[in-house]
Amino acid sequence: MANTNHPPLRWVKSSYSTENGGACIEWAPSNASATGIVPVRDSKRPSGPVLMVSTNAFAGLISLARSANL
């Protein structure tokens with residue numbers, strides 16, 4: 001049974017998100033600072049699955065994205 005005592009996540013869209021779609025993600029920074037776990041989801045599917053990663057893993061993903069020729 002899920003614990004319902006936690007407040008709802010406050011999602012923040014990627015600065016690369018646009019109103020025209022595209023590959024956009026959202027994350028919940030307040031949860032990251034409170035728990036050390038970063039929730040990440042597809043902004044186009046807010047009721048879809050949520051990837052939960054450690055703050056260290058999230059920092060690695062950001063570093064990889066910044067260094068890649070996308």
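This tour moves from Arg41 to Glu26, Pro46 and Val50 in turn.

The model is a predicted one, in which local features need pLDDT of at least 70 and side-chain atom pairs count only at pLDDT 80 or more, while totals for chains, interfaces and linings use all residues. Residues are numbered from 1 along each chain as its sequence is written, and side-chain values use heavy atoms, with hydrogens and water left out.

Select Arg41 to begin, which sits in strand β3, residues 37-42 (strands are DSSP runs of E, at least two residues, numbered from the N terminus). Arg41 has a relative accessible area of 14% and is therefore buried, a class that means under 20%, against over 50% for exposed and in between for partly exposed, with a 1.4 Å probe and protein chains only.

Add Glu26 next, whose side chain makes a polar contact with that of Arg41 at 2.6 Å; such a contact is a pair of N or O atoms within 3.5 Å, where within protein one must be able to donate a hydrogen and the other to accept it, and residues adjacent in sequence count only if both atoms are side-chain atoms.

Then show residues touching Arg41 (heavy atoms within 4.5 Å); leaving aside those up to four places away in sequence, they include Trp11, Cys24, Pro46 and Val50.

Pro46 belongs to the loop between β3 and β4 (51-54), and its 49% relative accessibility makes Pro46 partly exposed. A distance drawn between the C-alpha atoms of Pro46 and Glu26, 20 residues apart along the chain, reads 8.8 Å.

Finish at Val50, which is in the loop between β3 and β4 and, at 37% relative accessibility, counts as partly exposed.

Technical notes
Helices (H or I, at least four residues) and strands (E, at least two) are DSSP runs, numbered from the N terminus.
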